[in-house]
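Work through the exercises below with the sequence and the 3D structure open. Try each task before reading its solution.

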Amino acid sequence: MFNSPITEIFLLVLEMNFSEDTYRFMYAALQEAERALVENEVPVGAVVVSDNKIIGRGYNQIEKLNDATAHAEMIAITAAENNIGNWRLEDCSIYVTLEPCVMCAGAMLASRINELYFAAFDPKFGACGSIYNLADDGKTNHKIKVYSGIYTEESQRLLSQFFSSVRNSSIKGNA
Ligand SMILES: [Zn+2]
C-alpha cells in the first residue's frame, strides 16, 4: 500500500545483507506491533538492543494512554533507559516496524542511539528519509546510522490489516 520513496538511504540498504540477528530483533518489534493490533491501536512496535540483547520494548499505545507521545519508540526508549539506569543509549540500536516520526527521531537523537533499523517507510510522517531525514541532517551534533528494508512487507501487512478493519467498522457504523 505504501510506496517506499527511493531515497539514498533506501538505495544503500538494497545493497546490504542483514544478519540473522537483525531479522530476529525486527521480528521482536513486529511482535510488539501485533500487541498494538490486538488492542486496536495502529500496529507499530519497537525494541532497543544493547550488546545483542533486548533491553526495552514498546508498542503504540496512543488510544489506551490517551497520549499523543505514546509511540512505540518513545515507550521502548524509556524502558531501555530505566532498565540500564542511563539516559544515554550510545551503544544501542533501535528496531522499529515503521519509519520514526519527527518526535521519535528527536528522542533517538536526544538519547544518542547509535543505529536505527526500520521496516516500512512512512511517506506521511517519516522523519528518517521520507519527509525529513533527522537521523543525519548535518546540523545536529549526533548522527544515527539508518537501515531499512527488513520485514517491510510484514509490517505493511499489519498496518493494512488495521486500517481495513477501521474502514469496515466505520462502514458498519454508518449503515
Ligand atoms: Zn513517533
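The exercises go from the overall layout to single residues.

**Before starting**

This is a predicted model, in which local features need pLDDT of at least 70 and side-chain atom pairs count only at pLDDT 80 or more, while totals for chains, interfaces and linings use all residues. Residues are numbered from 1 along each chain as its sequence is written.

**Exercise 1. State the confidence of the model and find where pLDDT stays under 50.**

Step 1. pLDDT is the predictor's confidence in each residue, from 0 to 100. The mean pLDDT of the protein is 91, and 89% of its residues reach 70 or more.

Step 2. The stretch with pLDDT under 50 is residues 1–7. For these residues the model has 14 contacts beyond four places in sequence; two residues are in contact if their C-beta atoms, placed from the backbone, lie within 7 Å.

**Exercise 2. List the helices and strands in sequence order.**

Step 1. Helices (H or I, at least four residues) and strands (E, at least two) are DSSP runs, numbered from the N terminus. The protein has 6 helices and 5 strands.

Step 2. Along the sequence they follow the pattern α-α-β-β-α-α-β-α-β-β-α.

**Exercise 3. Work out the order of the strands in the sheet and name the edge strands.**

Step 1. Two strands pair if DSSP finds at least two bridges between them. The 5 strands form an open sheet with mixed pairing, in the order 2-1-3-4-5.

Step 2. Strand 2 (53–59) and strand 5 (145–148) each have a single partner strand, so they stand at the edges and one side of each is left without a neighbour in the sheet.

Step 3. On average, neighbouring strands of this sheet are turned by 20° against each other, direction ignored. Axes here are lines fitted to C-alpha atoms, for helices over the stretch in contact, and angles run from 0 to 180 degrees between N-to-C directions.

Step 4. Helix 2 (residues 20–38) packs on the sheet, where it touches strand 1, strand 2, strand 3 (93–98) and strand 4 (115–120). The direction of helix 2 makes about 145° with that of strand 1.

**Exercise 4. Follow the pairing from strand 1 to strand 4, and find the handedness of the crossover.**

Step 1. Strand 1 (residues 45–50) runs antiparallel to strand 2, and 6 bridges join them. Within this pair, serine 50 has lysine 53 as its bridge partner, and valine 49 stands opposite isoleucine 54.

Step 2. Strand 1 is also antiparallel to strand 3, with 4 bridges. Here valine 48 stands opposite isoleucine 94.

Step 3. Strand 3 pairs with strand 4 in the parallel sense over 5 bridges. Leucine 98 stands opposite alanine 120 in this pair.

Step 4. From strand 3 the chain passes through helix 5 to strand 4, and this β-α-β crossover is right-handed: with the strands pointing away from the viewer, the path from the first strand over the helix to the second runs clockwise.

**Exercise 5. Which residues have the most contacts inside the largest nonpolar core?**

Step 1. A nonpolar core is a set of buried Ala, Val, Leu, Ile, Met, Phe, Trp, Tyr and Cys residues joined through C-beta atoms within 7 Å. A residue is buried if 20 or more other C-beta atoms lie within 10 Å of its own, exposed if 12 or fewer, and partly exposed in between.

Step 2. The largest core has 46 residues, and those with the most contacts inside it are Met26, Ala29, Val48, Ala76, Ile94, Tyr95 and Leu116. Among the elements that each supply at least two residues of this core are helix 4 (72–84), helix 5 (102–110) and helix 6 (152–174).

Step 3. Leaving out residues up to four places away in sequence, valine 48 touches residues including Ile55, Ala76, Leu89 and Ile94. In strand 3, 6 of its 6 residues are buried.

**Exercise 6. Buried, partly exposed or exposed: classify serine 148, arginine 112 and asparagine 52.**

Step 1. Serine 148, in strand 5, is buried because 24 other C-beta atoms lie within 10 Å.

Step 2. Arginine 112 lies in the loop between helix 5 and strand 4. It has 15 C-beta neighbours inside 10 Å, so it counts as partly exposed. Its phi is positive, about 60°, although it is not a glycine.

Step 3. Asparagine 52 is in the loop between strand 1 and strand 2. It has 9 C-beta neighbours inside 10 Å and therefore counts as exposed. Its phi is also positive, near 65°.
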